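Biologist: I have a model open and I'd like to learn how to read its backbone oddities. Can we walk through them together?

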Amino acid sequence: MRLRLAGAVLLSAAAYYVYLPLPSGVSEPWKLMLLDALFRSFMQASDVAHALGVCHRVHLLNQVVSWVEVIEARSCPAVHVTDSFRRAEELKEVIYFHGGGWALGSGRMRSYDLLCRKMAEDLDAVVMSVDYRLAPEAVFPDQYHDALAASRAFLSTQILERYSIDPERVCVSGDSAGGNLAAAVAQEVNETNAPLIIM
């Protein structure tokens, strides 16, 4: 009897922790609730690790995200992949900056790998996915300086010639914090180099 009561209490507590009131139009609400509960659990675990002095809270979150998402670069018939560039056959180029609040993520994550492959194939373009230093070790504007340095390096005559890129057909793109970096890089580079398009 006590075991059943303890099980019922634990099940009720778990349901209370997982439940999240959502609008009625949300498809698959339980998946969203479970994902939210999982993310909150990792956030709380990272807060505990930080409080105990084990590691910074962002490090634990980044390790979990990297463990789940980071994959090895691999080529396929449509896209040639190297450590630095995802290359197609045409003369356009996209410089892509990943999101993550300047603290999480990597261009090597599965989601960004798939996105960059899709852009390379659909746009027939060379796509350069840029990694930049992350917080808390790197404090803003370090991320901006990394993004700007990578963009300027790719816009160098040597690299443009190596990959047969037309400097008039280069754009920058990114999501979330990466979108912020793309806009800032485009503004800076447009003042000193060939214009960049924000995508």
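Modeller: Sure. Keep in mind that this is a predicted model. Let's begin with a loop: proline 136 sits between strand E4 (125-130) and helix H5 (142-154).

Biologist: What is the peptide bond from alanine 135 to proline 136, cis or trans?

Modeller: Read omega for that one. The bond from alanine 135 to proline 136 has omega near 10 degrees, and it is cis.

Biologist: And where is proline 141 found?

Modeller: Proline 141 is also in the loop between E4 and H5. The peptide bond leading into it from phenylalanine 140 is cis too, with omega near 20 degrees.

Biologist: OK, on to phi. What sign does phi have at glutamate 28, positive or negative?

Modeller: Positive, at about 50 degrees, even though glutamate 28 isn't a glycine. You'll find glutamate 28 in the loop between helix H1 (2-18) and helix H2 (29-51).

Biologist: How do I read the exposure of glutamate 28?

Modeller: Check its relative accessible area against the cut-offs: under 20% is buried, over 50% is exposed, and in between is partly exposed. Glutamate 28 comes out at 48%, so we call it partly exposed.

Biologist: Which loop holds serine 176, and what is its phi?

Modeller: Serine 176 lies between strand E5 (170-174) and helix H7 (177-192). Its phi is positive, about 55 degrees, and serine 176 isn't a glycine either.

Biologist: Is serine 176 buried or exposed?

Modeller: Exposed: the relative accessible area of serine 176 is 60%, and the cut-off is over 50%.

Terms used:
Residues are numbered from 1 along each chain as its sequence is written. This is a predicted model: local features need pLDDT of at least 70, side-chain atom pairs count only at pLDDT 80 or more; totals for chains, interfaces and linings use all residues. Side-chain values use heavy atoms; hydrogens and water are left out. Helices (H or I, at least four residues) and strands (E, at least two) are DSSP runs, numbered from the N terminus. Buried means under 20% relative accessible area, exposed over 50%, partly exposed in between (1.4 Å probe, protein chains only).
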